[in-house]
Amino acid sequence: MPLPDTTAPQQHDTANALSVLLPLPVVGPYDYLAPEGMDPAPGDYVHVPLGSRELIGVVWGPAAGDVSAEKLRPITERIDTPAMPEELRRFVDWVAAYTLSAPGAVLRMALRSPEALQPPKPITAYKAGALQEDMRMTPARARVLELLRDGPPRTARDLSREAGVGTSVIKGLAKMGAVVPIELAPPPAFDAPDIARPGLALSEAQSEAAIHLRAGVEADGFSVTLLDGVTGSGKTEVYFEAVAGALSSGRQVLVLLPEIALTPQWLERFERRFGTAPAVWHSDLGQTQRRTTWRSVARGEARVVVGARSALFLPYTELGLVVVDEEHETAFKQEDGVAYNGRDMAIVRAQIADCPVVVASATPSLETRINVERDRYKAIALPERFGSASMPMVETVDMRDSELRADQFLSPQLIAALSQTTAEGEQALLFLNRRGYAPLTLCRTCGHRMACPSCSAWLTEHRFRKRLQCHHCGYEEPAPTRCPSCDNANTMVACGPGVERIAEEVRAQMPDARMEIMTSDTMRGPDTAQRLVRAVEDKEIDVLIGTQMVAKGHHFPNLTLVGIVDADLGLAGGDLRAAERTYQVLQQVAGRAGRADRPGRVMIQTFQPEHPVMQALATGERDRFMELEAEAREAGGWPPFGRLAAIIVSSRDSDLADALARDMARCAPNSPEVRVLGPAPAPLSLLRGRHRRRLLLKTGRDQPLQAIVREWLSTIKVPSKARVRVDIDPYSFL
Ligand code: ADP
Ligand code: ZN
């Protein structure tokens with residue numbers, strides 16, 4: 001094969017042709033011409049024409065040159081704002097290549113706030129002007145001029161407040177030229193964190209851990225450290241020291257939390273440590289806040305950002321530390337659009353910035369544990385709770401022995417413990433990872449089950465709202481009074497419990513207990529969440545009943561009893577991480593009990609007390625359990641000992657989905673190191689009206705997974721009525 005001649009002169013003049021990446025789910029950058037005198041550099045934000053539209057894109061590099069220069073359209077305008085940092089551009093390309101997504105689809109995540117590119121509105125302030133000879137001096141005017149003679153320029157509002165005059169006085173002075181308007185840049189939206197403030201006095205174990213982390217930050221350069229500390233060991237306080245270290249070296253810090261762990265409690269702790277609030281970034285931010293925060297990060301004014309996974313795509317200019325708290329959380333995995341794992345990409349982001357990462361958890365993921373074992377990550381342990389707090393007592397309640405009616409879900413043991421706890425003025429938490437009243441409604445007479453019309457899923461009853469809802473697509477209908485199938489009245493019955501039903505049972509058993517439900521439905525908005533958290537802290541609530549929402553990060557000193565209503569719930573289904581995940585969630589929930597001086601107690605209701613997950617929770621033998629998990633996964637070649645890519649084929653036409661999935665299986669790669677499993681109907685074989693089939697590509701650890709998938713897919717022609725989605729390192733098998 002002849003080598004390409006790299007010294008050959010270019011055929012046509014492409015000197016001022018450039019490639020521009022647009023935030024669109026298309027293939028890659030397009031070429032444009034830079035008009036005379038514009039001279040855009042890589043990273044510059046520009047307006048370019050596309051068809052009849054005009055879009056904002058980012059100059060990505062030299063032109064690809066596959067379209068001749070005379071056919072290229074010119075860039076319309078270069079936006080006068082700091083360019084997208086090279087690190088972020090490299091990150092966008094990296095994420096696109098890893099997840100097999102279009103770079104434009106990834107860029108879209110980094111351009112969520114295009115309004116932020118426009119310069120902020122300047123603020124008009126007044127300074128003293130020339131004194132007018134013929135001006136009539138009133139006491140009000142004198143006060144204004146006095147203020148400005150001695151101090152910095154002030155806005156009309158500040159002037160009128162400080163001088164105690166109406167704004168008309170200032171307007172009058174301005175008209176005469178006695179005060180002169182000037183434009184000031186708006187003040188920074190975020191104050192610099194105060195690193196000189198003393199943190200809490202750390203315990204010996206904590207300060208040892210903190211010294212390690214700080215050393216990592218000061219050493220500079222990429223490294224990953226696992227902060228492996230039991231619930232209540234004070235991991236947050238310890239990584240705050242690493243944050244302080246990075247700040248004192250003049251770097252920016254990103255702290256990633258699973259969205260639901262972004263609690264007011266966390267923010268308060270940050271403020272107590274650093275004297276000011278961090279910049280916050282998550283999906284519920286309003287437009288204005290989003291714009292301000294984005295711009296503050298780009299200008300280096302925001303020194304610490306705490307956010308959900310999307311905060312990875314902010315334009316940090318001097319990132320010096322990334323913290324991933326609750327690193328085991330599957331909520332870091334994004335399933336829609338570009339499928340990526342926020343924890344893994346955080347490590348990539350830090351590698352690009354050449355800075356350290358701290359990942360923290362009480363229940364580290366198997367992936368992370370294996371990386372520690374292989375010496376890729378360092379690890380620091382905090383094996384004990386802070387202060388006088390001890391780990392809670394954990395016991396299982398064998399539900400096979402409890403003779404409960406079909407509409408009862410709390411064992412006599414748990415009810416007794418609840419009563420005792422509340423009688424002693426302490427608080428209890430009941431955990432059930434199911435929203436609503438009941439997961440299934442059926443007709444007692446004909447057996448008809450209420451199902452979602454567009455998903456293969458039952459409808460969940462929400463009794464407070466008198467509605468049935470699909471938790472996959474959001475479809476809703478009123479709860480029926482007659483059976484839609486046999487038309488009998490009053491025959492529809494609820495099957496199984498959700499948190500609302502547990503609340504009903506507690507109320508029946510303990511009418512005086514003050515109770516509250518904490519779920520994503522009842523915690524809409526940070527204000528509601530904060531009120532509820534306060535109410536628990538102020539002991540206005542005796543029994544808290546909740547889903548995953550309660551497992552995260554909360555610290556309630558007076559909470560001493562945790563009851564897990566159905567510990568087996570997460571074990572069903574074919575998810576390869578089901579056991580690991582169930583253990584992690586239940587351990588986190590259990591970790592809410594007895595975090596202060598009073599000892600905690602955890603009761604686990606289960607039909608399989610001999611299950612390794614229940615045993616690990618009861619005995620506290622976490623490492624033994626995880627070793628067994630590792631053995632099982634290694635034997636099967638599952639992650640992290642092998643690699644997976646899920647391919648989901650979907651169409652509104654089930655035959656088409658079947659045919660395409662079969663075609664794909666037929667030309668699937670196959671070797672001892674590369675296997676394709678399926679096609680099988682995805683567990684949710686119908687979702688939002690689309691029929692879904694799943695293929696799983698499983699390879700050895702060192703195989704080039706992306707290249708294999710790319711080559712395989714390139715042989716397939718996807719009909720316009722079908723879709724193929726790739727999920728590298730899948731977590732959800734729905
Ligand atoms: P974890 O995240 O490991 O579960 P936290 O960081 O939430 O633990 O700490 C548990 C509780 O202990 C928090 O209320 C925290 O403020 C408190 N705490 C931890 N370390 C200290 C310390 N050195 N001094 C005082 N309080 C501490
Ligand atoms: Zn649905």
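## The largest cavity

In this predicted model, the largest cavity (a set of points on a 1 Å grid over the protein atoms alone where a 1.4 Å probe fits but cannot get out) is lined, by residues with an atom within 4 Å of a point, by Phe190, Asp191, Pro193, Phe270, Thr276, Ala277, Pro278, Ala279, Ala302, Arg303 and Val304. About 50 Å³ of space lies in this largest cavity, where volume is the space filled by probe spheres set on the points, which are joined across faces, edges and corners.

The lining of the largest cavity divides into 8 nonpolar, 1 polar and 2 charged residues; Ala, Val, Leu, Ile, Met, Phe, Trp, Tyr, Cys and Pro count as nonpolar, Asp, Glu, Lys and Arg as charged, and the others, Gly among them, as polar.

## The second largest cavity

The structure holds 3 cavities of 30 Å³ or more, and the second largest has a volume of about 40 Å³. Its lining is made up of Tyr98, Thr99, Lys333, Ala339, Tyr340, Asn341, Asp344, Met345, Ile728 and Asp729, which divide into 5 nonpolar, 2 polar and 3 charged residues.

At least two residues of this second lining come from each of helix 1 (86-99), strand 15 (340-341) and helix 10 (342-353); helices (H or I, at least four residues) and strands (E, at least two) are DSSP runs, numbered from the N terminus.

## The zinc site

Four cysteines, Cys452, Cys455, Cys470 and Cys473, coordinate the zinc ion (ligand 2) through their SG atoms at 2.3 to 2.4 Å, donors being N, O and S atoms within 2.8 Å of the metal (3.2 Å for Na, K and Ca), with water not among the atoms, so sites may look incomplete. The site of the zinc ion (ligand 2) is tetrahedral, with angles of 106 to 113° among its 4 donor atoms; four donors count as tetrahedral if all angles lie between 85 and 135 degrees.

Along the chain, the donors of the zinc ion (ligand 2) follow the spacing C-x2-C-x14-C-x2-C. Distant parts of the chain are linked here, with Cys452 in the loop between strand 20 (440-443) and strand 21 (460-462) and Cys470, 18 residues apart from it, in the loop between strand 22 (467-469) and strand 23 (476-478).

## Backbone details

A cis peptide bond with omega about 0° joins Pro639 and Pro640, and Pro640 is found in the loop between helix 17 (622-636) and strand 29 (642-651). The peptide bond from Gly678 to Pro679 is also cis, with omega near 10°, and Pro679 lies in strand 30 (residues 674-687).

Asp487, although not a glycine, has a positive phi of about 65°, and it is found in the loop between strand 23 and strand 24 (492-495).

## Confidence and conventions

The chain averages a pLDDT of 90, with 97% of the residues scoring at least 70; pLDDT is the predictor's confidence in each residue, from 0 to 100. Over residues 1-14, however, the pLDDT is below 50, and beyond near neighbours in sequence this stretch has 4 contacts in the model, a contact meaning heavy atoms within 4.5 Å.

Residues are numbered from 1 along each chain as its sequence is written, while chains are lettered from A and ligands numbered from 1 in the order in which they are written. Local features need pLDDT of at least 70, side-chain atom pairs count only at pLDDT 80 or more, and totals for chains, interfaces and linings use all residues, while side-chain values use heavy atoms, with hydrogens and water left out.

Key: 1 Å grid on protein atoms, 1.4 Å probe; cavity = no way out; pocket = protein on both sides within 12 Å on 5 of 7 lines; lining within 4 Å. Tetrahedral: all angles 85-135°; square planar, octahedral: opposite > 155°, others 65-115°.
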